[in-house]
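This briefing goes through one protein model by topic. Please keep the sequence and the structure at hand while reading.

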Amino acid sequence: RLWGCFPRVLGHCARELGLFSMEEAVHRMTGLPARRFGIPDRGVLREGAFADLVLFDPQTVADTATFEAPISPAAGIDMVMVAGRAVWRDGASTGARPGRPIRLQTLVPSAG
């Protein structure tokens with residue numbers, strides 16, 4: 001389910017099952033792995049950091065992908081921005097591709 005993992009965590013695990021808060025779910029998918037893998041300026045909202053953002057409705061976000069149809073847009077995701085540019089809006093790709101590879105030599109491993 002290529003496009004279903006994170007929306008499932010947000011909609012099913014956080015909202016429906018209440019396993020953790022929506023904020024904790026977002027942190028586990030953004031700031032925590034960025035810190036763990038030593039990826040600077042990612043996974044945080046602050047001046048100077050990369051503007052990688054997902055605008056979603058916590059009441060409606062849900063996975064729609066299946067194993068038979070793994071590329072199916074999630075419900076409740078209004079916009080995705082990478083490096084400050086919209087790459088997904090109004091249910092479709094914008095065609096923008098502002099991302100760049102993170103090279104191994106740029107990573108700074110965390111201490112824990």
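A contact here means heavy atoms within 4.5 Å. By that criterion, residues 24 or more positions apart account for 44% of the contacts in the protein with a separation of 6 or more. The model is predicted. It holds 3 helices and 4 strands, which run α-α-α-β-β-β-β from the N terminus on.

**Overall dimensions and surface**

- The C-alpha trace of the protein spans about 35 × 35 × 30 Å along its principal axes.
- The protein has 112 residues, and 23% of them count as buried.
- About 7,700 Å² of the protein is exposed, and carbon and sulfur atoms supply 59% of that area.
- Leu 2, Trp 3 and Ile 71 make a nonpolar surface patch of about 330 Å².
- Within this patch, Ile 71 comes from the loop between strand 1 (53-56) and strand 2 (77-82).
- Ile 71 has 53% relative accessibility and therefore counts as exposed, the cut-off for that class being over 50%.

**Helix 1 and its packing**

- Helix 1 covers residues 5-16, and its buried residues are Pro 7, Leu 10, Gly 11, Cys 13 and Ala 14.
- In an α-helix, residues three or four places apart point the same way, because there are 3.6 residues a turn.
- What do the buried residues of helix 1 pack against? Their partners are helix 2 (22-29), strand 1 and strand 2.
- Gly 18 follows helix 1 and has a positive phi, near 65°.

**The sheet**

- The 4 strands form an open sheet in the order 1-2-3-4, with antiparallel pairing.
- Strand 1 and strand 4 (92-93) are the edge strands, each pairing on one side only.
- Strand 1 and strand 2 run antiparallel and are joined by 4 bridges; Leu 53 stands opposite Met 81 of strand 2.
- Strand 2 also pairs with strand 3 (residues 85-89), again in the antiparallel sense and over 4 bridges.
- Val 82 has Arg 85 in strand 3 as its bridge partner.
- Strand 3 pairs with strand 4 over 2 bridges in the antiparallel sense, and Arg 89 has Ala 92 in strand 4 as its bridge partner.

**The aromatic pair**

- How many aromatic pairs does a search of the whole structure find? The search finds 1.
- The ring centres of Trp 3 and Trp 88 are 6.0 Å apart and the ring planes stand at 85°, so the pair is edge-to-face; the angle required for that class is over 60 degrees.
- The pair links distant parts of the chain, since Trp 3 lies in the segment before helix 1 and Trp 88 in strand 3, 85 residues apart.
- Is each ring's residue buried or exposed? Trp 3 is partly exposed, with a relative accessible area of 37%, whereas Trp 88 is buried, with a relative accessible area of 19%.
- Trp 3 thus takes part both in this pair and in the nonpolar surface patch with Leu 2 and Ile 71.

**Positive phi outside glycine**

- Most residues other than glycine have a negative phi.
- Asp 41 is not a glycine, yet has a positive phi of about 65°.
- The place of Asp 41 is the loop between helix 3 and strand 1, and the residue is partly exposed at a relative accessible area of 29%.
- Ala 83 likewise has a positive phi, near 50°, in a residue other than glycine.
- Ala 83 sits in the turn of the hairpin formed by strand 2 and strand 3, which have 2 residues between them.
- With 35% relative accessibility, Ala 83 counts as partly exposed.

**Pro 33 in helix 3**

- Helix 3 (residues 31-36) contains Pro 33, which counts as partly exposed at 26% relative accessibility.
- Leaving aside neighbours within four places in sequence, Pro 33 is in contact with His 27 and Arg 28.
- Pro 33 and Gly 43 are 10 residues apart in sequence, and their C-alpha atoms are 7.9 Å apart in space.

Key
Residues numbered from 1 in each chain as written. Predicted model: local features only at pLDDT ≥ 70, side-chain atom pairs only at ≥ 80, totals over all residues. Heavy atoms only, no water. Patch = residues over 30% accessible without salt bridge, like charges linked within 9 Å, V, L, I, M, F, W, Y side chains within 5 Å. Areas by Shrake-Rupley, 256 points an atom, 1.4 Å probe, with all protein chains shown as cover. Salt bridge = Lys/Arg side-chain N within 4 Å of Asp/Glu carboxyl O. Buried < 20%, exposed > 50% of the residue type's maximum accessible area, 1.4 Å probe, protein only. Pairing = 2+ DSSP bridges. Phe/Tyr/Trp six-rings, centres within 6.5 Å; stacked < 30°, edge-to-face > 60°.
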